[in-house]
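I sat down with this one and kept a notebook as I went. Here are my entries, in the order I made them.

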Amino acid sequence: MDARAREIWEELMMSTKYFFDHPFAVKEREEGREEGRAEGRAEMFLEILEARELSVPPLVRERVSACTDMDQLKAWTHRAVRVTDAADLFDGDEA
């Protein structure tokens with residue numbers, strides 16, 4: 001095999017072998033973890049409301065499930081233990 005062809009082949013194989021250590025792959029995995037954390041927080045939040053036997057309207061459920069901002073989800077979770085109506089969770093939010 002030609003030396004240059006061998007060198008190119010080895011570079012290709014190394015990039016394939018170590019794809020999971022590539023910065024792109026690392027970034028994608030971290031984004032996936034963050035999404036998973038947000039989904040878990042949203043589920044916990046909804047479970048708190050249900051454990052408190054509060055009615056959770058579909059619009060509240062959709063808004064919480066769609067949220068990926070961990071700080072916002074944390075704020076809502078803190079409110080979830082105090083409100084008497086699920087719709088009051090969003091009082092004071094800009095959106």
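What follows is a set of short notes on helices, buried spots, salt bridges and a surface patch.

**Ground rules.** I'm working with a predicted model, where local features need pLDDT of at least 70, side-chain atom pairs count only at pLDDT 80 or more, and totals for chains, interfaces and linings use all residues. Residues are numbered from 1 along each chain as its sequence is written, and side-chain values use heavy atoms, with hydrogens and water left out.

**Entry 1: helix α2.** I started with α2, which covers residues 23–51. Helices here are DSSP runs of H or I with at least four residues, numbered from the N terminus. I looked up the span: α2 has 29 residues and reaches 42 Å from its first C-alpha to its last, close to the 42 Å expected at 1.5 Å a residue. That expectation is 1.5 Å times one less than the number of residues.

Next I asked which residues of α2 are buried. My list reads A25, A38, A42, F45, L46, I48 and L49. Buried means under 20% relative accessible area, exposed means over 50%, and partly exposed is in between (1.4 Å probe, protein chains only). What do these buried residues pack against? They pack against α3 and α4. Just after α2 comes E53, and its phi is positive, near 60 degrees.

**Entry 2: T77 and A66.** I went to α4 (residues 70–80) and picked T77. Its relative accessible area is 8%, so T77 is buried. I noted its contacts (heavy atoms within 4.5 Å). Leaving out residues up to four places away in sequence, T77 touches R41, M44, F45 and I48. F45 and I48 are also among the buried residues of α2.

Then I tried A66, in helix α3 (residues 58–66). Is A66 buried or exposed? It comes out at 60% relative accessibility, so A66 counts as exposed. I also checked A66 against A42: they are 24 residues apart along the chain, and their C-alpha atoms are separated by 8.6 Å.

**Entry 3: salt bridges.** How many salt bridges are there? The count comes to 6, taking a salt bridge as a side-chain nitrogen of Lys or Arg within 4 Å of a carboxyl oxygen of Asp or Glu.

I looked at E10 and R6, whose closest N and O atoms are 3.4 Å apart. They sit 4 residues apart in helix α1 (residues 3–17), so about one helical turn separates them. E10 is partly exposed at 41%, and R6 is partly exposed at 47%.

Back in α2, R33 bridges to E30, with the closest N and O atoms 3.4 Å apart. These two are 3 residues apart in the helix, so again about one helical turn lies between them. R33 is partly exposed at 44% relative accessibility. R37 also meets E30 in a salt bridge (3.4 Å, N to O). Through shared partners, salt bridges join E30, R33, E34 and R37 into one network.

**Entry 4: a nonpolar patch.** My last stop was a nonpolar surface patch of about 400 Å², made by I8, W9, L12 and M13. Patches take residues with over 30% relative accessible area and no salt bridge, joining like charges within 9 Å and nonpolar side chains (Val, Leu, Ile, Met, Phe, Trp, Tyr) within 5 Å. Accessible areas come from the Shrake-Rupley method with a 1.4 Å probe, and for residues only the protein chains shown count as cover. I8 lies in helix α1 and counts as partly exposed at 37% relative accessibility.
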